[in-house]
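Biologist: I would like to go through this model with you, one question at a time. Keep the answers short, please.

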Amino acid sequence: MKKTLKAAVIGVTAFFVSANATTDGFFKYEVIDALQINEEISTNPNNPLWEKAKSTEVTLYPQVSVRLNDKKANELIPKKEAVKAQVKAIYNDKNIAVYIKWKDNTPSVQPPFTTNQFADGVSIEFPNKFGKGITLPYVGMGDENHPVTVYLQKNVAGRDYQKVFVSKGFGSLTEVDTKNVDIVMTYDEKNKEWTAVFKRPLTDEYTDLKAGLVPIAFAVWDGNQYERDGNKSLSRWKFIRLNKFELDKDYVEYVSWGVPYVDWPEKGEDIGDPENGKKLFQQNGCAACHRAAEFQTAPLGMAPDLSDIGGIANAIYLKESIINPNDVIIRNLNINRHYMKTNPDRFKAYPNNSMYEWYIKTDGKKQSKMPAFTHLQEQDINDLVAYLKTLVDWKNFK
Amino acid sequence: MAKRQLAMVMDLNKCIGCQTCTVACKTQWTNRNGREYMYWNNVETHPGAGYPRNWMEAGGGFDDQGNLKDGIIPDMVMDYGVPWDYNHDEIFNSSADEFVLSPNTDPVWGPNWDEDVGIGDWPNSYFFYIPRICNHCSNPGCLAACPREAIFKREQDGIVLVDLERCQGYRYCIAGCPYKKIYFNPKISKSEKCIFCFPRIEKGLPPACAHQCVGRIRFVGFLDDEESQVYKLVHKYKVALPLRPDFGTQPNVYYVPPVLAPPKFDENGKPIENEQRLPMEYLEKLFGPEVHQAIKTLEEEMAKRERGEESELMDILIAYNHADMFRLDHNYYEKIAAEQGLKGSEYFKIVDVRYIQGANTKKVEGVFGKVYFETQPALKKEEENKEHH
């Protein structure tokens, strides 16, 4: 009885959603349809089961929001290409597995006796909490209000380098137990492709994925380009559709706000006018702190670089960042990177340059240094988001 | 920022390049567990490329505005040099004619590759030695570069350490250190560096490199202790200067610049009066513009002694006894430990067990059938745990 009733409810929801023109594209390009099965899920990517699961293309963009200090790695960034990955998902009563396949002509293993060679790697992350009324985390490993769980596989010689972390932003990864987690990463010499399968329980200590729409984000590392840590390519939040669970229409409306995205093959109507958005970007002084496209005058490290934010940030996240920057305070990259050349202490240590801190602390609570632009008209905000969504160029990275 | 700061002064006039410090450090800390190629202490010949090769050109440190600069990570083979062995067994256990002494790999660089090479033509060629350890900087480049914030500067004495639990082996620290004195351990995929022998320091003993120094060139003490010889050399007489102060990290290892160079000769082989064989521009590049005043002071004080007058500075540099050269404070650390409620072996709490693991652990084979490292106990445990799953 109960089962039939539930199925009917899902049917109605599905109807409602598909009746909406904007969500059509969202479900087509942003959502990974998971295949529900009854048998055990195989982590072998060549298992025939994976052929049955529907594949969705996900684009991963070079991370340029923060700049690290490896000279050789930085020199390669402007020449990088976005990575196109094929993603699938399968689930049963107990577990969920995510499959990701991407092209890499140079398979790299971190060897046992070198100092400057790096491993290819792949990771996926889930927000620890998501669903109706819960805002999306910062995609780069979460933020203090939004912890995420990260699964990582690296190709290191001599050992199976698998790790699971809970993270609240840069530098905050805490390793947690890998039991119940299985990750397989294999290279196909013929097609020059990596494939990885991540398998985990639907529910664990940190996350409950039993939901109609589960946010997930992807990252890959190319060891050949000195990639490790924040030096990687990443996707924006994508969503896994688990048919067995009810789809919350409010949540669909929330996460699909502001589509289409720049990497969609067919775009349709946008939420605003990017030309006007660009003017607003200038008028509101965004470029004083942020670098993006032709705006390259802000001091390096002053604020996140927005050069390819249109690829890695979800539209709703961009909107929230503009009107409510305190919701997602991104942890600074190590603040000791900048010091003020005044008032050294008696051991000649210079104090940190607070100009480069992204937040201030009042009564122990962090507040973003970015003011909330709540005074803007709704259409102006939409125009700004429409402009930010066009930003997918990292050729100016220095 | 540290409340106190330990410092070391090295008198380059007395360094004979014997590498005893290097060996003291190696046997104490770096002859095992993936650290074999590392020299937390090395002695290099200047002018020269040093160790790792051309470290002065490898970037890192801070620019004039106080912003961290990009750097590179030296290469194991080309810049550090792979440790190699000789075929002693073959030579000693068979007829010697059949074998020649040869290394088991074809080395292209090593920690003393350009030792005693120097620069210039006979009879005016010159060189001097610079022993180098981690500078335990007041604004460390390695610490600033770490996205994990895994590197910390101890409040009680300013010693810079890597928290091996937090380190994920990203190696930005190596790019960030302009002295390239932090190293990547490929065996454990983490960064490691000179720890200023802090377990010794806490017991009132100087670092092994300083204690073993044959030429007695090293002084160790707290920079805020006006009775210490390091204070007198650095602050009172201002004859001890940091290496490459332009790198912007405020090092806490100081050098008394070399003034006792042989004279320069003219075409007829006669010494030229008042001419230094070591070019002042080179010393200025290494030790900054203060080197002129430091050398003037040293020469004036030496002249005093020659006239039979008293000179406290010369007495210090003669290095009469260890008790004065090393002013450490065992009680100070006892007090801190008591405040933190630590006892006995808990002093080692911050140090990973890998540092105190004995040298006789079983050897393991590397992936290509070569014996690289000794068993790394933490890793072994990890593997055991995996098998249980």
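Biologist: Start with helix 10 of chain B. Which residue forms a salt bridge with B:Glu301?

Modeller: Bear in mind that this is a predicted model. The two partners sit three residues apart in helix 10 (residues 291–306) of chain B, so about one helical turn separates them. The closest N and O atoms are 3.1 Å apart, and the partner of B:Glu301 is B:Lys304.

Biologist: Is B:Glu301 buried or exposed?

Modeller: The cut-off for buried is under 20% relative accessible area. Its partner B:Lys304 has 28% and counts as partly exposed. B:Glu301 has 10%, so this residue counts as buried.

Biologist: Which residues do salt bridges with shared partners join into one network?

Modeller: The network lies in chain A. Its members are A:Glu30, A:Arg236, A:Lys238 and A:Asp263.

Biologist: How many residues apart are B:Glu44 and B:Arg132?

Modeller: These two form a salt bridge, with the closest N and O atoms 3.0 Å apart. B:Glu44 is in strand 2 (residues 42–46) of chain B and B:Arg132 in strand 3 (residues 128–132), so the pair links distant parts of the chain. B:Glu44 is buried at 2% relative accessibility, and B:Arg132 is buried at 1%. The separation in sequence is 88 residues.

Biologist: Now chain A. Which residue meets A:Asp93 in a salt bridge?

Modeller: A:Asp93 is in the loop between strand 3 (83–91) and strand 4 (95–103) of chain A. The partner is in the loop between strand 13 (238–241) and helix 5 (249–255), 151 residues apart from A:Asp93. A:Asp93 is exposed at 54% relative accessible area, while the partner is partly exposed at 29%. The N to O distance is 3.1 Å, and the partner is A:Lys244.

Biologist: How many salt bridges does the rule find across the interface of chain B and chain A?

Modeller: Over all chains the count comes to 40. One bridge across the interface pairs B:Asp70 with A:Arg67, at 2.7 Å from N to O. For the interface of chain B and chain A, the rule finds three.

Biologist: What area do chain B and chain A bury between them?

Modeller: The contact takes 57 residues from chain B and 48 residues from chain A. Carbon and sulfur atoms carry 51% of the buried area. The total is about 4,600 Å².

Biologist: How many residue pairs are in polar contact across that interface, and how do the residues on the side of chain B divide?

Modeller: The rule finds 31 residue pairs in polar contact, both residues at pLDDT 80 or more. Elements that give two or more residues to the side of chain B include helix 2 (76–80), strand 15 (371–374) and helix 15 (377–388). The residues on this side divide into 30 nonpolar, 13 polar and 14 charged.

Biologist: Which residues does B:Tyr282 touch, beyond four places in sequence?

Modeller: B:Tyr282 is in helix 9 (residues 280–287) of chain B. At 17% relative accessibility, B:Tyr282 counts as buried. B:Tyr282 and B:Pro47 are 235 residues apart in sequence and 8.3 Å apart in space, C-alpha to C-alpha. The residues touched are B:His46, B:Pro47, B:Gly48 and B:Phe128.

Biologist: Is the peptide bond from B:His46 to B:Pro47 cis or trans?

Modeller: B:Pro47 is in the loop between strand 2 and helix 2 of chain B. B:Pro52 is found in the loop between strand 2 and helix 2 too, and the bond from B:Tyr51 to B:Pro52 is cis, with omega near -10°. For B:His46 to B:Pro47, omega is near -5°, and the bond is cis.

Biologist: What is the phi of A:Met141?

Modeller: Most residues other than glycine have a negative phi. A:Met141 is in the loop between strand 5 (121–127) and strand 6 (148–154) of chain A, and is buried at 15% relative accessible area. Its phi is positive, about 70°.

Biologist: Last one. Over which residues of chain A does pLDDT stay under 50?

Modeller: The mean pLDDT of chain A is 92, and 95% of its residues reach 70 or more. Where pLDDT is low, the predicted coordinates should not be read in detail. For the stretch in question, the model has 13 contacts beyond four places in sequence. The stretch is residues 1–19.

Notes: Residues numbered from 1 in each chain as written. Chains lettered and ligands numbered in written order. Predicted model: local features only at pLDDT ≥ 70, side-chain atom pairs only at ≥ 80, totals over all residues. Heavy atoms only, no water. Contact = heavy atoms within 4.5 Å. Buried area = accessible area lost by both parts, 1.4 Å probe. Salt bridge = Lys/Arg side-chain N within 4 Å of Asp/Glu carboxyl O. Polar contact = N/O pair within 3.5 Å; in protein donor to acceptor, adjacent residues only side chain to side chain. Helix = DSSP H or I, 4+ residues; strand = E, 2+ residues; numbered from the N terminus. Nonpolar A, V, L, I, M, F, W, Y, C, P; charged D, E, K, R; others polar. pLDDT = per-residue confidence, 0-100. Buried < 20%, exposed > 50% of the residue type's maximum accessible area, 1.4 Å probe, protein only.
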